[in-house]
Amino acid sequence: MTTTPARGDAVAALELRDVEKSFGSVVALRSGSIEVHAGSIHALIGENGAGKSTLVKIVAGLYQRDAGVFRLGGVEVDFKSTAESKAAGVAVIYQEPTLFPDLSVTENVFMGRQPVGRFGRIDRKAMRAEVGSLFGRLGVAIDPDRPAEGLSIADQQVIEIAKAVSLDAKVLIMDEPTAALSGVEVDRLFQIARSLRDEGRALVFISHRFDEVFDLCDTVTVMRDGAYIATTAIADTSVDELVTQMVGREVTDLFPKQETVIGAPLLEVDGLNSAGVFHDITFTVRSGEIVGLAGLVGAGRSEVARAIFGVDAYDSGSVRLQGDAVPAKNPSEAMRRGLALVPEDRRKQGLVLEASVAGNVTLTIRNQLAKAGLITSGFENRAAQVWASRLEVKANALSTLAGTLSGGNQQKVVLGKWLATEPTVLIIDEPTRGIDVGTKAEVHRLLSELAGRGMGILMISSELPEVLGMADRVLVMREGRITAEIDRADATSENVMFAATHAEGAHS
Amino acid sequence: MTATTTTVAATRTYRDYDRPLWQRLFLTREMAIIGLLVIVSVIAALSVRGFSQPITLTFLLLDVMPILLIALPMTLIIITGEIDLSVASIVGLASVLTGVLIQAGVPFEVAALLAIVAGAIGGAINGFLVTVVGLPSLAVTIGTLALYRGLAIGLLGTTAVTDFPDFWTDLAKARMGNTNIPLVLFLFLALLVVFVVLLHFTPFGRGIYAIGRSSEAARFSGVRVERTKLILFVLAGTVSALAGVYYTLRYGSARGDNATGLELQVIAAVLLGGVSIFGGRGAIHGVIAGVLLIGVLASALRLANVTSDVINIITGVLLVLSVVSSSFLAWLRKRRRAPGGTPRVEASTAG
């Protein structure tokens, strides 16, 4: 029963208008807008960091908006928790569902709201009957009595969807549901999605894959830099137009890299493999060179960085630094030989938040600082003084806890602790994520200066302007493989984005 | 970011500390415990008859010596966020091994040395299971607590070996010259210096704190997390076995059930001394005060004819209060620091 209400005068099932959200000084969402109607599938697309996830988290009740309009079925709502959004008929299906592995499929569907029979006992019969009819309606063939453990991600998603349907969710949001699915599984998911649309529900589909967007969706909304850009009917648009909308920003000269003399190869990665994570990664970083590693979140870029540095293991391949093999799975040895990794997650991996600025900066060089095996806070403070002032960290004192600093200053502390090791090659993962514009420019100037002094830099970044502005050479990864290598002169937003999203590789 | 000065920017110098010296010295958890120890000692000396006699202090030190010894490595282990519940069983096992070997005609010195080596092996087994196999230390050491105790009792049954060289049993209780200072105190002081230096003045110790505060960030900074923990478990086993040899000599008896339940007293003292059960925080001087506080309380109350049940209750209440007070203080501090709503979750996967 397809009930497609006439657009325009119909009340939208989900409507956000000019929604804003900031975290401290970081603006995650400047102006988020979307209007989704019942009985339609609406695609939401945009680069990493465009604000899609923030928008979804506001709808899910995980975040509260700072400003703007948020209506559900025409009624203004203000969710304080995920429970409230669920009760109002919103369901979000995440890329990696979180089921209780030891409970049965049926129990998972009814988690927290089991039907109660006589004497307050859980009515298993009613549960099973309802799951049976639900699965029948969705055309799902999963044994309702089996434990959730061992189910594929696709099946787990289906169970999450069944849960949402049994809650009679009016709005279903699927956040990159197909990222981990195989072709057949995607087809099944789409069938279910279409039947839900035909039941008159509103679906939001977040994806990076254009073919899926064109296959499944009716309407598409593009976001960029935390703001709404455009909404178009799928029939009226094209891949090229969407890519332009996603990346099309005025070219700024915010990220100038100085011209440097590019010298001898420093870091040589050859045929690095890790089953299911990345495959056949081969590249070289030379002295004075900044190599940008672009791609979408989940393409395997950070995993490659961690494997090179030895935090994670890899199955085969080799890493060489100035010709010498760097042993696998041994960060302290990699560090000793001149590798440094500024990791992706500053708060978890980059810093010991409960330790002082001095403690963090000197953690990497504590062995060098020691005299006759002994170290005192005096030695540490003297060394930290140098790096804090060189990087202009804004902190009260060297004893200030790293966790109390702003994002930009935390990043400076992480940079300080790695520059203190005087590395020959610096791997930096998302150098400016979540930091303010001013500090961003400082970080870029610093990277450029380091390259100028002969350091080799591998810069992973999800921000295209950063990659295009800073990198001498851009490597693009997609689904665990390097799909393109583009020189600075040839790199454009369009060909990098294309290589990041399309299997065929870039047409540069 | 305003001035685009080139390489040599107008550098600022930073103060080393944001609090004045007296605050850093005195407004600490360790100082609170030391203060409490002083107050309790003064009250005991004034109101409990016999407490202020020098001989009381001597016995107090002899009694708490095993706890003092084991508290040293235990402090380091708890700061990394792990725990070792098997220490008292290693005390028992080392005690039994010493006794069994003596019975078999092995000279005492060799027997004691072998017992200490066995303790190191016991600690290495704990460390192996925690770091290489990757099991939680709580579960591993509950298991080895039973295992090592079982071995100890299995080896000697319910009998006891009491036949030790007089020289050594006397030495365990001996005092320096005409003073009341027990000689064994110097063994402890030597170990104390080793552990204070290790924890507070070596790169290894810096790694211990980093692991306890964030083992992931420590790993990313090149700290050898597994190796550090393995070393600490071996140290705990070794020192526990040493304490076991001392225990045997002090009471002149090697028994399978020696020092049963001692692990709880050690852990209680360490936590009371300001070490966080969540890892990353604590210092040795606080732990020493914690051990002595429990010892002074027990000794004074015993002299005042309070039964051991009541002593246990008081120690337990003190421990709970100390844990609650630190959480309460942390909560207060957090409330004062962040009156507004700071975000709990930083968008980790922006999209």
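These questions and answers walk through a predicted model with chains A and B.

Colleague: How many residues of chain A are in contact with chain B?

Modeller: The model is predicted, and totals for interfaces use all residues. On the other side of the contact, chain B brings 40 residues. The number from chain A is 60.

Colleague: Which residues of chain A lose the most area to chain B?

Modeller: The area buried between the two chains is about 4,300 Å². Carbon and sulfur atoms give 53% of that area. On the side of chain A, three residues together account for 12% of what that side buries. They are Gln349(A), Arg366(A) and Ile375(A).

Colleague: Which side chains meet in a salt bridge across the interface?

Modeller: The rule finds 1 salt bridge between chain A and chain B. Its distance, N to O, is 2.7 Å. The cut-off is 4 Å, so this pair counts. The side chains are those of Glu380(A) and Arg206(B).

Colleague: Which helix of chain A gives the largest share of the side that touches chain B?

Modeller: Across the interface, 16 residue pairs are in polar contact. Several helices of chain A each supply at least two residues to the side that touches chain B, including helix 1 (52-60), helix 15 (407-419) and helix 16 (437-452). The largest share is 6 residues, and the helix that supplies it is helix 14.

Colleague: By class, how many charged residues are on the side of chain A that touches chain B?

Modeller: That side has 24 nonpolar residues. It also has 21 polar ones. The charged residues number 15.

Colleague: Is Thr144(B) buried or exposed?

Modeller: Thr144(B) sits in helix 6 (residues 137-156) of chain B. Among the residues it touches are Ser86(B), Ser89(B) and Arg149(B). Its relative accessible area is 4%. Buried means under 20%, so Thr144(B) is buried.

Colleague: With which side chain does the side chain of Thr144(B) make a polar contact?

Modeller: Asn126(B) and Ser86(B) are both among the residues that Thr144(B) touches. The polar contact spans 2.8 Å. The partner is the side chain of Asn126(B).

Colleague: Which residues lie on each side of strand 6 of chain A?

Modeller: In a regular strand the side chains alternate between the two faces of the sheet. Both faces of strand 6 (residues 90-93) are covered, and the four residues are all buried. One side has Val90(A) and Val92(A), and the other has Ala91(A) and Ile93(A).

Colleague: What is the bridge partner of Ala91(A) in strand 7 of chain A?

Modeller: Strand 6 and strand 7 (residues 171-175) of chain A pair in the parallel sense. The pairing runs over 4 bridges. For Ala91(A), the partner is Leu172(A).

Technical notes: Residues numbered from 1 in each chain as written. Chains lettered and ligands numbered in written order. Predicted model: local features only at pLDDT ≥ 70, side-chain atom pairs only at ≥ 80, totals over all residues. Heavy atoms only, no water. Contact = heavy atoms within 4.5 Å. Buried area = accessible area lost by both parts, 1.4 Å probe. Polar contact = N/O pair within 3.5 Å; in protein donor to acceptor, adjacent residues only side chain to side chain. Nonpolar A, V, L, I, M, F, W, Y, C, P; charged D, E, K, R; others polar. Buried < 20%, exposed > 50% of the residue type's maximum accessible area, 1.4 Å probe, protein only. Pairing = 2+ DSSP bridges. Lists of a residue's contacts leave out its neighbours within four places in sequence.
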